Amino acid sequence: MKLAFIGIGNVGFALANNLQKKGHQIIIAHNDADSKSVKTARARNASFEVRPVQEAINESEVVFLATPFNANEEVLKPLDFADKVLVDCTNPVGPGISHGLESKISGAEMVQEWAKNAKVVKAYTIYGFENFENSLFPKYNVKPVMMIAGNHLSAKEQIRGLNTDLGFDTLDVGDLLQSLHLEHMTLLWVRMVRANGHHPNFTWAYLER
């Protein structure tokens, strides 16, 4: 599958690198091929292609958004997604590791507002990048779970397949409005790890009786 990444920092690179190892074609969507982030990513994985943002979207089957949340409106509004899947990997984080939109609306719903003709799926936000670099927990006979939310079942099925490639089970938690609760899970993880010193190598699992 051709996958475009808008944003290729810690989260974007970890996802792109492992998906490339699973046989997917990775396109970095950036209008400046000489930018520091692009050069850094390609130095670590030279198989990544680079295309201007709209061209990368046009060529891809699924687009990942892994930018700082505050950049999203400016980045997304000029783009045409032509009903393609847009994976929102971003989180609105405010002062003191609070919800950046005061929990009134999810960041993913804002992403959908700015990218009106995309099928937005919230995913890859409830853990830090360390668990996208390595999702293996060999001591346990279960896979970590990746919770996803979105309004389009077909779009979520595409992400389910990518989750499998990345070593995650999938739990569909419902429509895009559920993203607010996933963003609160992100804040829980971030506060534990980035603020309170818990090690980052832990995830959630989904167990059914």
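**Aromatic pairs**

I took two rings of Phe, Tyr or Trp as a pair if their centres lie within 6.5 Å, with the six-membered ring standing for Trp. The model I examined is a predicted one.

On this rule I looked for clusters and found that Phe5, Phe64, Tyr124, Tyr127, Phe132, Phe168, Trp189, Phe202 and Trp204 make up one aromatic cluster. I then noted the count of aromatic pairs, which is 10.

I looked up the pair of Phe69 and Trp114 and recorded a centre-to-centre distance of 5.9 Å, with 45 degrees between the planes. The arrangement is tilted, because stacked requires planes under 30 degrees apart and edge-to-face over 60. I placed Phe69 in the loop between strand 4 (62-65) and helix 4 (72-76), and Trp114 in helix 5 (residues 107-114), so this pair ties together parts 45 residues apart in sequence. I checked the accessibility of each partner: Phe69 has a relative value of 10% and counts as buried, and Trp114, at 12%, counts as buried.

I turned next to Trp189 and Phe202, an aromatic pair that is stacked, with 5.7 Å from centre to centre and 20 degrees between the planes. Trp189 sits in helix 8 (residues 179-195) and Phe202 in the segment after helix 8; the two are 13 residues apart, and I noted the pair as a link between distant parts of the chain. Trp189 is buried, since its relative accessible area is 1% and the cut-off for buried is under 20%. Phe202 is buried with a relative accessible area of 12%.

**Nonpolar cores**

I asked which residues have the most contacts inside the largest nonpolar core. They are Phe5, Phe64, Val87, Tyr124, Tyr127 and Ile159, in a core of 41 residues. I also found a second, separate core of 21 residues, with Val53, Val63, Leu86 and Val111 among them. I set beside this the general tendency of nonpolar side chains to be buried together in soluble globular proteins.

For Tyr127 I listed the contacts, leaving aside neighbours within four places in sequence: Phe132, Val145, Met146, Phe168, Trp189, Phe202, Thr203 and Trp204. I noted that Tyr127 and Trp189 both belong to the aromatic cluster.

**Pockets**

I looked up the largest pocket and recorded a volume of about 510 Å³. Its lining consists of 23 residues, and those nearest the centre are Val11, Thr67, Cys89, Thr90 and Asn91. I asked which elements give two or more residues to this lining. They are helix 1 (10-21) and helix 8, and helix 8 gives the most, with four residues. By class I counted 12 nonpolar residues, 10 polar and one charged in the lining of the largest pocket.

The second largest pocket holds about 200 Å³ of space. I listed the lining of this second pocket as Ile6, Gly7, Ala29, His30, Asn31, Val53, Thr67, Pro68, Val75 and Leu79. Six of these lining residues are nonpolar, four are polar and none is charged. I noted that Thr67 lines the second largest pocket and is also listed for the largest pocket.

**Val11**

I returned to Val11, which is found in helix 1 and is among the residues nearest the centre of the largest pocket. Is Val11 buried or partly exposed? I entered Val11 as partly exposed because its relative accessibility is 22%, whereas buried requires under 20%. Outside four places in sequence, Val11 touches Cys89, Tyr124, Phe129 and Phe132. I also noted a separation of 8.9 Å between the C-alpha atoms of Val11 and Thr125, which are 114 residues apart along the chain.

**Two loop residues**

I located Asn45 in the loop between helix 2 (36-44) and strand 3 (49-51). At 9% relative accessibility, I recorded Asn45 as buried. Not counting residues up to four places away in sequence, I found Asn45 in contact with Phe13, Asn17 and Gln20.

I located Asp175 in the loop between strand 10 (169-172) and helix 8. Asp175 has a relative accessible area of 45% and is partly exposed. Beyond four places in sequence, Asp175 touches Ala149, Gly150 and Asn151. For Asn151 I looked up the C-alpha to C-alpha distance to Asp175, which is 4.8 Å, with their positions 24 residues apart in sequence.

Methods
Residues numbered from 1 in each chain as written. Predicted model: local features only at pLDDT ≥ 70, side-chain atom pairs only at ≥ 80, totals over all residues. Heavy atoms only, no water. Buried < 20%, exposed > 50% of the residue type's maximum accessible area, 1.4 Å probe, protein only. 1 Å grid on protein atoms, 1.4 Å probe; cavity = no way out; pocket = protein on both sides within 12 Å on 5 of 7 lines; lining within 4 Å. Points joined across faces, edges and corners; volume = space filled by probe spheres on them. Nonpolar A, V, L, I, M, F, W, Y, C, P; charged D, E, K, R; others polar. Contact = heavy atoms within 4.5 Å. Core = buried A, V, L, I, M, F, W, Y, C linked by side-chain atoms within 4.5 Å.
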